[in-house]
Amino acid sequence: MTDLRTCMNKSVLEERRPSICDRRENGISCERESVSGAVSQRACVYCGARVVLNPITDAFHIVHGPIGCASYTWDIRGSLTSGEDTFRNSFSTDLRETDIVFGGAKKLTAAIDELMENINPAPKLLFIFATCIVGVIGDDIEAVCRTAEARYGIRVIPVKAPGFSGTKSLGYRMACDAIMKLILPHANQPKRFGVNILGDFNLAGEMWIIRGYLEQIGIPVISTITGDSSYKTLLLAPSATLNIVQCAGSSAYLAERMEAEFGMPSLRVSFFGIEDTTNSLLRVADAFGRPEISANARRFAAERTAQILPVIEKYRPYLEGKRAAIFVGGGFKAISLIRQFNELGMEAVVVGTQTGKKDEYEVINSLVNSGTVVLDDANPAELERFMMEKQADILVGGVKERPLAYKLGMAFCDHNHERKQPLAGFEGIENFVKEIHKSINSPVWKYI
Ligand code: SF4
């Protein structure tokens, strides 16, 4: 295997080099806009906002822009619902050339009126997303939303998210601001004992698993943001005692705002892998300072760990020594995945994220071996180069990375929006181990 710098000299754009490093080097460049021409794997600002708000089950999302933006993000999360399924629909103003020339605000008003007249029962909550072209022509969507709120007596919240206005992380912040706009008028309500779960989108029912654990331990869940949430349950959020934040990349900012506005503390958690799931349960339980809850958490985690360890031991001989490449949205998930692969005797040889932060990359560096390539905001050419160079056996990523792995004849595990099996909690550990084993050790790779 060639040294990282030699490998980079052959294939990496000059401007991208500070965002790629060997774990021995410190100071990766991250939290910045994508390099023009590098064909980033990262999604746009609007997509970032949409993925956070989309799982609100009874909200209507109108995408004010060309139909392509709505199509790009239609049904992109495998979020499950226990109630309404309005969020499975996508609405767009479908802006055309004449709208761009003469303005699209009237078309947006007409779209809102059409929804209000034709949907029964009438919508209670609308999000209006302004995409790139609206950022250019400058439709006053805030005025349209204000007028609609006054006319219909419902919440109509603008999300001004032109794709070119920053990175996907900015879209996350916009979504968090939109949620604050929704819940802020409900700040003054009596406090309840229990937590809000932030940054869990109930992919394949994962939020239900975590909710079940907390309830068994004796911790009620007041509100979930945004997996399996509704207009009504979101409004309860200001009354909780504590926020727990699963996807820090998308929701840490919301926790900060809720702390500033409601004085509500928060804890970052991760429910991927034995180590992180156990630590998260214990830290959440201990945060309440009630000995019986802490004892419940310890007992619960010990029982579930004892059940899952034989599963890991069964598959470990088939996986030990294999090499994994990781490219996921946020740093926290990458950290949990490195630990999960270590539990299986595997090594993470390439680790990248779309929106990782400096402190998260420092933790990543502390967990991986010398020679592991760590990269921020990668593009397909870089991923391909480093996965081949480091002889990865499997890529863990999302829908945009899947074809890349298969084209290289490499195993793949979807750890993002579209998956159908939960990978969180102890149930998720079993699914993950089995999936990694089935994918890496599939006989199909012998024929490539
Ligand atoms: S908002 Fe802009 S970058 Fe994002 S999908 Fe629409 S046109 Fe593309």
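Two strands count as paired if DSSP finds at least two bridges between them. By that criterion strand 6 (residues 195-200) and strand 8 (residues 242-245) pair in the parallel sense over four bridges, and the bridge partner of Leu198 in strand 8 is Val245. The model described here is predicted. The points below cover two open sheets of four strands each, helix 8 (residues 168-183), the residues around the ligand, and two single positions, Ser29 and Val444.

**Sheet with strands 7, 6, 8 and 9**

- The strand order of this open sheet is 7-6-8-9, with parallel pairing.
- Strand 7 and strand 9 (266-268) each have a single partner strand and stand at the edges, so one side of each lacks a neighbour in the sheet.
- On average, neighbouring strands of this sheet are turned by 20 degrees against each other, direction ignored.
- Helix 9 (residues 206-217) lies across strand 6 and strand 7 and runs at about 155 degrees to strand 6.

**Sheet with strands 3, 2, 4 and 5**

- Four strands make up this open sheet in the order 3-2-4-5, and the pairing is parallel.
- The edges are strand 3 (91-92) and strand 5; each has a single partner strand, so one side of each is left without a neighbour in the sheet.
- Strands of a sheet pair through backbone hydrogen bonds, in either a parallel or an antiparallel sense.
- Strand 2 is joined to strand 4 by five bridges, and the two run parallel.
- Strand 4 is joined to strand 5 by six bridges, again with the two running parallel.
- Ile128 of strand 4 has Ile62 opposite it, and Ile128 also stands opposite Pro158 in strand 5.
- Leu125 has Arg155 as its bridge partner in strand 5.

**Strand 4 and the helices on its sheet**

- Six of the six residues of strand 4 are buried, which leaves the strand mostly covered.
- Leu125, Phe127 and Phe129 point one way from strand 4, while Leu126, Ile128 and Ala130 point the other way; all are buried.
- In a regular strand the side chains alternate between the two faces of the sheet.
- Helix 5 (residues 105-118) lies across strand 2 (60-64), strand 3, strand 4 and strand 5, and runs at about 160 degrees to strand 2.
- Helix 7 (residues 141-152) also packs on the sheet, where it touches strand 2, strand 4 and strand 5; its direction makes about 170 degrees with that of strand 5.

**Helix 8**

- Helix 8 has 16 residues and reaches 23 Å from its first C-alpha to its last, close to the 22 Å expected at 1.5 Å a residue.
- Of its 16 residues 12 are buried, so helix 8 is largely enclosed by the rest of the structure.
- Among the buried residues of helix 8 are Lys168, Arg173, Tyr172, Met174, Cys176, Ile179 and Leu182.
- An α-helix has 3.6 residues a turn, so residues three or four places apart point the same way.
- The buried residues of helix 8 pack against strand 4 (125-130) and strand 5 (155-160), and also against strand 7 (221-226).
- The helices they pack against are helix 2 (45-53), helix 10 (231-234) and helix 11 (248-262).

**Residues around the ligand**

- The shell around the ligand consists of Cys44, Tyr46, Cys47, Gly65, Cys69, Tyr72, Thr131, Cys132, Pro162 and Gly163.
- Seven residues of the shell are nonpolar, three are polar and none is charged.
- Helix 2 and helix 3 (67-72) each contribute at least two residues to the shell.

**Single positions**

- Ser29 is in the loop between strand 1 (20-22) and helix 2.
- With 16 other C-beta atoms within 10 Å, Ser29 is partly exposed.
- Pro18 and Ser29 are 11 residues apart in sequence and 5.3 Å apart in space, C-alpha to C-alpha.
- Leaving aside residues up to four places away in sequence, Ser29 touches Pro18, Ser19 and Asp376.
- Val444 lies in the segment after helix 18 (425-440).
- Val444 has 9 other C-beta atoms within 10 Å; a residue with 12 or fewer counts as exposed, so Val444 is exposed.
- Between Val444 and Gly330 there are 31 Å in space, C-alpha to C-alpha, and the two are 114 residues apart in sequence.

Terms used. Residues are numbered from 1 along each chain as its sequence is written. This is a predicted model: local features need pLDDT of at least 70, side-chain atom pairs count only at pLDDT 80 or more; totals for chains, interfaces and linings use all residues. The expected span of a helix is 1.5 Å times one less than its number of residues. A residue is buried if 20 or more other C-beta atoms lie within 10 Å of its own, exposed if 12 or fewer, and partly exposed in between; C-beta atoms are placed from the backbone. Two residues are in contact if their C-beta atoms, placed from the backbone, lie within 7 Å. Axes are lines fitted to C-alpha atoms, for helices over the stretch in contact, and angles run from 0 to 180 degrees between N-to-C directions. A residue is near a molecule or strand if its C-beta atom, placed from the backbone, lies within 6 Å of it. Ala, Val, Leu, Ile, Met, Phe, Trp, Tyr, Cys and Pro count as nonpolar, Asp, Glu, Lys and Arg as charged, and the others, Gly among them, as polar.
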